[in-house]
Amino acid sequence: MNGTGKKIITIIQARRVSTRLPDKIFMPLADRPLFIRQVERVQAAALSGRIVVATTHSMADDRIVETCDRDNIDCFRGHPDDLLDRHYQAARFYGADIVLKIPSDCPLIDPAVIDKVIAYYLDNEEQYDYVSNLHPATYPDGNDVEIMPFSVLEQAWSDATKLMEREHTTPYIWERPERFRIGNVEMEGDTDYSMTHRFTIDYEEDYHFIRAVYEALYPSNPLFTVQDILDLLERRPDIYAINRHLAGVNWYRHHLDELKTVSAEETKKLDNNYRWKLSTTKS
């Protein structure tokens, strides 16, 4: 429970199958599986409520359940591909009033960023049906936080029909600003690192980048922040260079013809990122 008396359930979706980087969630970070290190960071957020790892019924994901059991982490098993159904069923099972969605490819997520998004939603609960830090995104990719009341997630679960809407959980909501009131939290300082800094994991280079960040920062401060990482990259451009060619690579680039609310500004960010990549490649 939080100050409002409502139950927040934070759902971290995780499975071992990955076409681009198989079993990435079990890659080691500071001698533990990558997804466990992420869970630790989510647990450090003061407002994150009850944390549930939502995996699948696949036998391959038995290892996730066993690992969660050993670490006393709640684990729920659901549909392997319909992420909207998996989130809905997990939220319903745990009696959520408010649902927080965080993907398992964000092992560098900042607990303070999680709290900032939750606090903004709680402070403006009467104004918004959905709040994230993604529409538009300004934080480095890999700090994804989305929050909504269970009733809104249930509406999406009931009404969404497109494959993209089922696979990515929340597009049905944020694609309909005429139906749902959408709020956004931006990075402080009027900065935008969303297309130039990549803290998420989808490729081998991402893992090498994340591991290098952990090796540099974790021993002295396990709960290092976004700013700590940015400061490190200023000092260590060699670490920044590991996956900089992947900056701006995101799932929705394949769905621009379907997504009405990926605005002209977002398209401009994609174009600017392409030009930025050209300039950094030449340098």
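**Figure 1. His-168 sits in the loop between helix H6 (163–167) and helix H7 (171–174).** This is a predicted model, as are the views that follow. Is His-168 buried or exposed? With a relative accessible area of 18%, His-168 counts as buried, because the cut-off for buried is under 20%. Now look for Leu-84: in sequence, His-168 and Leu-84 are 84 residues apart, yet their C-alpha atoms are 6.9 Å apart in space. Leu-84 will turn up again as one of the members of a core of 23 residues.

**Figure 2. Seven strands make up an open sheet.** Walking across it, you meet the strands in the order E5-E4-E1-E6-E8-E7-E9, and the pairing is mixed. Which strands are at the edges? They are E5 and strand E9 (182–184), and each of them pairs on one side only. From one strand to the next, the twist averages 25°.

**Figure 3. Strand E1 has E6 and E4 as its parallel partners.** Six bridges tie E1 to E6, and one pairing to look for is Ile-8 with its bridge partner Ile-98 in E6. Five bridges tie E1 to strand E4 (residues 50–56); here Ile-9 stands opposite Arg-50. E1 is mostly covered, with six of its six residues buried. Ile-8, Thr-10 and Ile-12 point one way from the strand, while Ile-9, Ile-11 and Gln-13 point the other way.

**Figure 4. Strands E6 and E8 run antiparallel.** How many bridges join E6 to E8? There are four. To find your place in this pair, pick out Lys-101, which stands opposite Glu-146 in E8.

**Figure 5. Helices H2 and H3 lie across strands of the sheet.** H2 lies across E4 and E5, and runs at about 160° to E5. Helix H3 (residues 83–93) lies across E1, E4, E5 and E6. Its angle to E1 is about 145°.

**Figure 6. Helix H4 (residues 111–123) is as long as its residue count suggests.** At 1.5 Å a residue, its 13 residues should span 18 Å, and the C-alpha atoms at its ends are indeed 18 Å apart. Zoom in on the start of H4 and you'll see a side-chain oxygen of Asp-110 reaching to within 2.9 Å of the backbone nitrogen of Ala-112. Which residues of H4 are buried? They are Pro-111, Val-113, Ile-114, Asp-115, Val-117, Ile-118, Tyr-121 and Leu-122. What covers them includes two helices and several strands: helix H1 (34–43), helix H9 (226–235), strand E1 (8–13), strand E6 (98–103), strand E7 (130–132) and strand E8 (146–149).

**Figure 7. The largest nonpolar core holds 57 residues.** Which residues touch the most other members? Those are Phe-35, Leu-108, Ile-114 and Val-213. Helix H8 (residues 204–217) gives the most to this core, with seven residues. Apart from this core lies another, of 23 residues, including Ile-11, Ala-54, Leu-84 and Tyr-130.

**Figure 8. Leu-108 up close, with the residues it touches.** Leaving out residues up to four places away in sequence, Leu-108 touches Phe-199, Phe-209, Ile-210, Val-213, Tyr-214, Phe-224 and Ile-229, along with Arg-41 and Asn-143. Val-213 is worth a second look, since it's also among the residues of the largest core that touch the most other members.

**Figure 9. Three spots with backbone geometry to look at.** Most residues other than glycine have a negative phi, and most peptide bonds are trans. Where is the cis peptide bond in this view? It joins His-135 and Pro-136, with omega at about 0°, and Pro-136 is found in the loop between E7 and E8. Next comes Asp-23, in the loop between E1 and strand E2 (28–29). Asp-23 isn't a glycine, but its phi is positive, at about 60°. At 21% relative accessibility, Asp-23 counts as partly exposed. Last is Asn-72, in the loop between helix H2 (62–70) and strand E5 (74–78). Asn-72 isn't a glycine either, and its phi is positive too, at about 55°. Asn-72 is exposed, with a relative accessible area of 71%.

Methods. Residues are numbered from 1 along each chain as its sequence is written. This is a predicted model: local features need pLDDT of at least 70, side-chain atom pairs count only at pLDDT 80 or more; totals for chains, interfaces and linings use all residues. Side-chain values use heavy atoms; hydrogens and water are left out. The expected span of a helix is 1.5 Å times one less than its number of residues. Buried means under 20% relative accessible area, exposed over 50%, partly exposed in between (1.4 Å probe, protein chains only). Contact means heavy atoms within 4.5 Å. A polar contact is a pair of N or O atoms within 3.5 Å; within protein, one must be able to donate a hydrogen and the other to accept it, and residues adjacent in sequence count only if both atoms are side-chain atoms. A nonpolar core is a set of buried Ala, Val, Leu, Ile, Met, Phe, Trp, Tyr and Cys residues joined through side-chain atoms within 4.5 Å. Two strands pair if DSSP finds at least two bridges between them. Axes are lines fitted to C-alpha atoms, for helices over the stretch in contact, and angles run from 0 to 180 degrees between N-to-C directions.
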